[in-house]
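Here is a quick walk through a chain, for anyone who likes to poke around a fold. Have a look at the picture, then read on.

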Amino acid sequence: MLEQLSIDHPSYLRKDASESTVMAPPTNPNPADSSAKQSLEAGLAALKQQDYPTAIALLESVTQTAANQPSGIRAQMGLVAAYKATGNVKEAIALCSSLAKSPNSQVKTWADRALKELTPPPPPKPPENKPKSAETPPETGFVAFDAGTESPKKSIGGDRPTADKKTGFLPLEPTAAPGNAKSQPIFPPPPPPTGQTSEPGNSTETAPDTEISGENSSGSPTDIPGVASPDTYQLTWREAGRAKSPRPLKPLKLLEFRLQAVASAIALFFLARFILQFLLTNTNSLLVQLYIFTRLPIFAPIQLFYRDPTPFVQMVFGLLLASSPWLIDALLKLFCGIETLRGSVLSKHSKEASRVLRSFCTKQNMPVPVLKLLPLNVPVAFSYGCLPRFGRIAVSRGLLEQLTDDEIATIFARELGHISHWDFAPMSLALLVIQIPYLIYWQVAHWQERLCDLMTIEFLRSAVKFVAAAISATSYGIYKLLRWPMLWLSRSRVYFSDRTAAEITGNPNGLTRALSKIAIGIADNIEQQKQTSFFLESFDLLLPVGVGQAVSLGSAALHAPLEQILLWDVSNRERNWLTINRAHPLLGERLKLLALYAQFWQLETELDLANAGVQEQPRKGKLSLFKSIIEFKDSKLFLQGAPFFGIPMSLAIVGVLWLIGGIFSRTSIWQLDWLWGDRSILWGCLPIGFSIGTLMRINYFFPDIIPRETASPSLPEILSNPESLPLDAEPVRLEGQLLGRSGMSNWLGQDLILQTATGLVRLHYVSRFGYIGSLWPFLFKETTRPSDLIGTSVVATGWLRRGATVAIDLESLRSQGGRASDSGHPIWSAVLAFAAAIWGAYIIIQGPR
């Protein structure tokens, strides 16, 4: 079944992916390369149209002129399908044998699997003590029908099976591990047989029961190198099995993890105290200025705001932590209509989840958590509370309906891991703390619209909008800032809970499917709702999969294999640095760990990620410190983080200046002795270093956008490049529908998503006049915000950023009706750099105080 192999290993089926993975394309292609590419495309088009003689002639010419080039490799892979279609199996096997010697591991894997499909094993011999039955079907490479099973139901369209009501997907077609399953022929496409279940503890295999994506009714391949399209891809699952009696893993080191949780909570406390004191102090400063200007008693400063807020913050944190189970219950009841999840309802959807809850809590000598049901279609689950005896596990209706029995059990197991590790308590506290500014942002934006609708005086409406916009935007900024102390803990706890779930259930493959389906479900919910709901954004810290990751990965998973779109997550060398500002670790990295657990228990893996992303061995010998610094200076990561690396570099400049001052202080040249120990130089050089780093990076970060050279890649192509960094700002031009929240809640571009034909991509916007231009555009005669184009078809032009998530820094957003909204990212990067430099110079000029 060569077509299925090409689906499982699609890195070579897309033009850009193959060129970036197999061999970097030349910067200045010669006419011969151009001719080879034209012949390749013509040959693949002929193959798609079943014109095999023409296809073979064209593809063979490509292999002769560009045998070792990406075009030649794609041509050879296409020839395999063409030779097989014309019955020339010998030539197909010879080509596969040649490709199996490729130094590229993924090409070799593809060729090895193709060889197994082209050389099916001989039929099994009949038992010696029994005569061969005349009714024994000939060896076809398919699993025989089970007498006790029923054939899948047919849809109205014919043999295509109906979607599974439990998962929401079509019946799944697993890809068996090499050597474990019977070989399947390439042509013709198989009829839908029933499944075959193996014994407990072994991997569960089911025979293919769906029509192969990319094949037409005559069985000719269309899903082959260079021809595959995201529109023809069909998401399938292997349904890899679970361990019957899993060997124990190494014990977790929880002491360091719990110290990390305490440190995160303390950091959150001091940050919240600093923000509160800053707000109170500046509020009084504003009132003083208004009082001086108006002499009205109403603007007199509030004396209470001058007091130390530390005792107040301590009391609030203590109350929030102690009452977190009931406060979160009240929030979810008010905004989501949460209700109690009865045990009978849970057993109806997952009997295994009920058993896991009882057995684990008995073993840990802890009460079973209170179960809550969220009446939401998006598949989510999270735990919260202050103590295990008051712990809650909330799951949505969408999770119970879209996941299978064993997958639901793995999600409950990972939430039990959060409770048993005690990380759910500081995370519940953090959730309540960040909910305060988030609710202000949300409710102010919501109620100002209703209030303005009741007003008839235009001046009052404008005043209300002005004040509401300032409060809403400030609250949202505080919400984003308060998340930072908990990001480290939020990422760490996910690894612990995933591992605990795998140990409890012995089913890392089930958890892999569950997390993947949650990501797909979140993306689907955003597409259906046409926006990111307030619930998903405000509860992102507690969700199993980050919303920012799910937007692109979950939507692209319906158009390309997961191994392809997760390649960056497991192979990019700088990926750990790029997750610092994320609440969840990379999904691909998590699924790779689960695949390693499955390998440890000698299971077939659900995804081929266990050996993905293996880096080359480092060179022998140690580099000198000087050489290491030089190599780092020349790396992309240095330019990527230049604004932040400029800060410690400025400290070195301060040290040199202090040294000069110290030397001159011991001589008769007294004019420079003031440099010695001057702290104003220290504090002034920090923003100057940030400014220099920003200016160093700005030309790389925002290259010129030339319309005729602007690319329009598909989302799977964007996700497939494992080496890209946000610094590699590719100018792109994408078309689609603009999704996001409407009204004041999106004036700063908090929720802008472009729905393309192959998935969802987030958009980053900043007005050419900064936040003031976004909140009050009438001050600068701007007429269109991006939020004004929500729901319309637009063309987004900007710079593609591929980091832990995928986003586009907008240059412009234009609708079909001619309305346009221009962004100012390069302008404000330059403004920020010069402002930092001026600020630093001002500090130095002011001198020590």
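Leaving aside neighbours within four places in sequence, which residues is Gln 448 in contact with? The answer is Lys 465, Ala 468 and Met 744. Keep in mind that this is a predicted model.

## Gln 448 and its helix

Gln 448 sits in helix 15, which runs over residues 424–454. Is Gln 448 buried or exposed? It's buried: its relative accessible area is 6%, and the cut-off for buried is under 20%.

Helix 15 also holds Ile 436. With a relative accessible area of 45%, Ile 436 is partly exposed, because that class covers whatever falls between the 20% limit for buried and the 50% limit for exposed.

## A greasy patch on the surface

Ile 436 turns up again on the outside, where it joins Ile 440, Phe 466, Val 467 and Ile 471 in a nonpolar surface patch of about 410 Å². Which helices each supply at least two residues of the patch? Helix 15 and helix 16 (458–505) do. Helix 16 gives the largest share, at three residues.

## The chain as a whole

Stepping back, the chain has 849 residues, and 51% of them count as buried. DSSP-style bookkeeping gives 29 helices and twelve strands. If you take the contacts with a separation of 6 or more, 72% are between residues 24 or more positions apart.

As for the outside, the accessible surface comes to about 41,100 Å². Carbon and sulfur atoms own 60% of that surface.

## Two nonpolar cores

In soluble globular proteins, nonpolar side chains tend to be buried together. Here the largest nonpolar core has 134 residues, and the members touching the most others are Leu 332, Leu 374, Phe 382, Phe 412 and Phe 535. Helix 15 contributes the largest share of this core, twelve residues. Apart from it lies another core, with 27 residues, including Leu 40, Tyr 52, Leu 59 and Leu 118.

Phe 382 is a nice one to click on. Not counting residues up to four places away in sequence, Phe 382 touches two of those well-connected leucines, Leu 332 and Leu 374. Its contacts also include Phe 535, Phe 539, Leu 542 and Leu 543, along with Ile 393 and Ala 394. Charged residues are on the list too, namely Arg 392 and Glu 415.

## Buried salt bridges

Side chains of opposite charge can pair when their charged atoms come close. How many salt bridges does the structure hold? There are 25.

Take Glu 407 and Lys 517, whose closest N and O atoms are 3.0 Å apart in their salt bridge. This pair links distant parts of the chain, 110 residues apart: Glu 407 belongs to helix 14 (residues 405–421) and Lys 517 to helix 17 (residues 508–529). Both Glu 407 and Lys 517 are buried.

Next up is the salt bridge between Glu 606 and Arg 513, with the closest N and O atoms 2.8 Å apart. Glu 606 lies in the loop between helix 22 (587–600) and helix 23 (625–633), while Arg 513 is in helix 17, so the pair ties together parts 93 residues apart in sequence. Glu 606 counts as buried, at 2% relative accessibility, and Arg 513 is buried with a relative accessible area of 2%. These two bridges belong to one network of salt bridges that links Glu 239, Asp 406, Glu 407, Arg 513, Lys 517 and Glu 606.

Glu 589 and Arg 575 form a salt bridge as well, with 3.1 Å between the closest N and O atoms. Why does this pair tie together parts that are 14 residues apart in sequence? Because Glu 589 lies in helix 22, whereas Arg 575 is in the loop between helix 21 (567–571) and helix 22. Glu 589 and Arg 575 are both buried.

## Arg 414

One last stop is Arg 414, in helix 14. Arg 414 counts as buried, with 1% relative accessibility. Its side chain makes a polar contact of 3.2 Å with the side chain of Glu 415, and Glu 415 is also one of the residues Phe 382 touches.

Further along the sequence, and leaving aside neighbours within four places, Arg 414 is in contact with Val 494, Ser 497, Asp 498 and Ala 501, as well as Leu 511, Pro 544 and Arg 590.

Conventions: Residues are numbered from 1 along each chain as its sequence is written. This is a predicted model: local features need pLDDT of at least 70, side-chain atom pairs count only at pLDDT 80 or more; totals for chains, interfaces and linings use all residues. Side-chain values use heavy atoms; hydrogens and water are left out. Helices (H or I, at least four residues) and strands (E, at least two) are DSSP runs, numbered from the N terminus. Buried means under 20% relative accessible area, exposed over 50%, partly exposed in between (1.4 Å probe, protein chains only). Contact means heavy atoms within 4.5 Å. Patches are made of residues with over 30% relative accessible area and no salt bridge: like charges are joined within 9 Å, nonpolar side chains (Val, Leu, Ile, Met, Phe, Trp, Tyr) within 5 Å. Accessible areas come from the Shrake-Rupley method with a 1.4 Å probe; for residues, only the protein chains shown count as cover. A salt bridge is a side-chain nitrogen of Lys or Arg within 4 Å of a carboxyl oxygen of Asp or Glu. A nonpolar core is a set of buried Ala, Val, Leu, Ile, Met, Phe, Trp, Tyr and Cys residues joined through side-chain atoms within 4.5 Å. A polar contact is a pair of N or O atoms within 3.5 Å; within protein, one must be able to donate a hydrogen and the other to accept it, and residues adjacent in sequence count only if both atoms are side-chain atoms.
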